[in-house]
Amino acid sequence: MERVTLPDVPWRRRPGLDALIGALGAARFVGGAVRDTLLGSPVSDIDIATPHPPQRVVELATEAGIKTVPTGIAHGTVTAVLPEGPVEVTTLRRDVATDGRHAQVAFTDDWRADAARRDFTINALYADPISGEVFDYFGGLDDLAARRVRFIGDPYRRIAEDHLRILRFFRFLARFGDAPDPAGLDACTARANDLMALSRERIADELLKLLVARHAVHVVAVMIERGILRPVLPEIAGVDALARLAGREATSAIAPDAIRRLAALLPGDPDVAESVGARLKLSKLQRKRLISAARPLDAEPRALAYRIGPEAATDRLLLAQADRTGDVRALAHWTPPTLPLTGGALVARGIKAGPQVAHLLRAIEEQWIAEGFPNADRVGQIADAQVREADSSV
């Protein structure tokens, strides 16, 4: 096979990286940084593999004046803290025992053994940090060229080692693939029930990443057809709303959003959204937004944005049955104003401080919203009218 080398891209010249490589001596870039560089995609995270045991990695880095954090030292991972961000350094490993959720590993100095325990061929590419030479043990370069996501070895065995690989198969397919590898697809279909053994946090993390990938709509359709999500998210029945949403996001120049796209896959029912959010153990903010997105579009766009926030209003507009992309574009350039009136201004008009002030402020605000957020002069007129009405009712 023709020798392949990693291009001299900017991330390879990050401050401190040469010093770390020099301190380690035996080291190679591995995984996503190699894969994405070969695809011409941006690289954010840098991972390094080394035959040195983790304690030796700490010693070598410390001697070179590089701070380390033992983020996963029991599994061989040490994080080197560099000026432009952390770099994970992991000792070469082989699996000793797996249970579908966790792996017991042993350290090794065998690069191929380390590659063999990885999930997909395109993630098992290594590169020499000096020469850039790429090392490919399982045909990852050919798969990368073909945009093919393929398990290393027997797909059933890879899935038995870590059930999350089912979702990772589809996430990487949505990001990189043109067509699913038949053997991998069949294995994922047959073992879909294994997802029930995973923590819901891990499922949510993979699913949310998948939903914003380039081919998310097509891949989710395949997942629904194959019953992949049924064991953990039986509420998801179809992809039509997701396809419609993706088209509107593109038309409106709105970035794909994972929570909004998850809402598109669910029935428009706040109770269902609340149940799914709790089951996936989403954050409080994510759950609140998912529930909000399930509610109907029941107000003029700017009034809605004022009440629930521009992000949540944009969700409802994009998810609406009727096309509201024009309103979405207009909302993108609108900042919700602040009511130009305070409780003190009402007290100055003769209203006694207390609950009545809050009541009048709410009434004035409602009329201000209904009139399309007029200026302070008009708000003053509304306030005067409300005060006169309050006085006349005493």
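The legends below accompany an overall view and several close-up views of a predicted model.

**Figure 1. Overall view of the predicted protein model, with its 20 helices and nine strands.** The C-alpha trace spans about 90 × 50 × 35 Å along the principal axes of the protein. The radius of gyration of the protein is 28 Å, whereas a compact globule of 394 residues would have a value near 21 Å. Buried residues account for 47% of the 394 residues. Among the contacts with a separation of 6 or more, 60% are between residues 24 or more positions apart.

**Figure 2. Close-up of helix 20, its buried side and its exposed side.** Helix 20 has 17 residues, and the distance from its first C-alpha to its last is 24 Å, close to the 24 Å expected at 1.5 Å a residue. Its buried residues are Val-379, Gly-380, Ile-382, Ala-383, Gln-386, Val-387 and Ala-390. These residues lie on the same side of helix 20, because they cover an arc of only 160° around the axis. An α-helix has 3.6 residues a turn, so residues three or four places apart point the same way. The buried residues of helix 20 pack against helix 18 (343–348) and helix 19, while Asp-377, Arg-388, Glu-389 and Ser-392 are exposed on the other side of helix 20. At the start of helix 20, a side-chain oxygen of Asn-375 comes to within 3.2 Å of the backbone nitrogen of Asp-377.

**Figure 3. Close-up of Phe-373 in the loop between helix 19 and helix 20.** The loop that holds Phe-373 lies between helix 19 (355–370) and helix 20 (376–392). Most residues other than glycine have a negative phi. Phe-373, which is not a glycine, nevertheless has a positive phi of about 60°. With a relative accessibility of 13%, Phe-373 counts as buried, because the cut-off for that class is under 20%.

**Figure 4. Close-up of Arg-147, together with the salt bridge between Asp-143 and Arg-148.** Arg-147 is found in the loop between helix 5 (140–145) and helix 6 (155–161), and its phi is near 55°, a positive value in a residue other than glycine. The relative accessibility of Arg-147 is 26%, and this residue therefore counts as partly exposed. In the salt bridge between Asp-143 and Arg-148, the closest N and O atoms are 2.6 Å apart. The two partners fall into separate accessibility classes, in that Asp-143 is buried, with a relative accessible area of 1%, and Arg-148 is partly exposed, with a relative accessible area of 30%.

**Figure 5. Close-up of the salt bridge between Arg-56 and Glu-59 within helix 3.** The structure holds 30 salt bridges, and the one shown here has its closest N and O atoms, from Arg-56 and Glu-59, 3.1 Å apart. Side chains of opposite charge can pair when their charged atoms come close. Arg-56 and Glu-59 are separated by about one helical turn, because they are three residues apart in helix 3 (residues 54–63). Arg-56 counts as partly exposed at 34% relative accessibility, and Glu-59 likewise counts as partly exposed, at 40%.

**Figure 6. Close-up of the salt bridge between Glu-311 and Arg-289 and of the network around this pair.** The side chains of Glu-311 and Arg-289 meet in a salt bridge with an N to O distance of 3.4 Å. Glu-311 lies in helix 16 (residues 310–319) and Arg-289 lies in helix 14 (residues 284–293), so this pair ties together parts that are 22 residues apart in sequence. Arg-289 has a relative accessibility of 12% and counts as buried. Through salt bridges that share partners, Glu-249, Asp-257, Arg-260, Arg-261, Arg-289, Glu-311 and Asp-315 are joined into one network.

**Figure 7. Close-up of Thr-77 in strand 4 and the residues in contact with it.** Thr-77 lies in strand 4 (residues 77–82) and counts as buried, with a relative accessibility of 12%. The side chain of Thr-77 makes a polar contact of 3.0 Å with the side chain of Thr-90. When neighbours within four places in sequence are left aside, Thr-77 is in contact with Pro-70, Thr-71, Gly-72, Glu-88, Val-89 and Thr-90.

Conventions. Residues are numbered from 1 along each chain as its sequence is written. This is a predicted model: local features need pLDDT of at least 70, side-chain atom pairs count only at pLDDT 80 or more; totals for chains, interfaces and linings use all residues. Side-chain values use heavy atoms; hydrogens and water are left out. Helices (H or I, at least four residues) and strands (E, at least two) are DSSP runs, numbered from the N terminus. Buried means under 20% relative accessible area, exposed over 50%, partly exposed in between (1.4 Å probe, protein chains only). A salt bridge is a side-chain nitrogen of Lys or Arg within 4 Å of a carboxyl oxygen of Asp or Glu. The expected span of a helix is 1.5 Å times one less than its number of residues. The arc is that of the directions from the helix axis to the C-beta atoms. Contact means heavy atoms within 4.5 Å. A polar contact is a pair of N or O atoms within 3.5 Å; within protein, one must be able to donate a hydrogen and the other to accept it, and residues adjacent in sequence count only if both atoms are side-chain atoms. The radius of gyration is taken over C-alpha atoms; the globule rule is 2.2 Å times the number of residues to the power 0.38.
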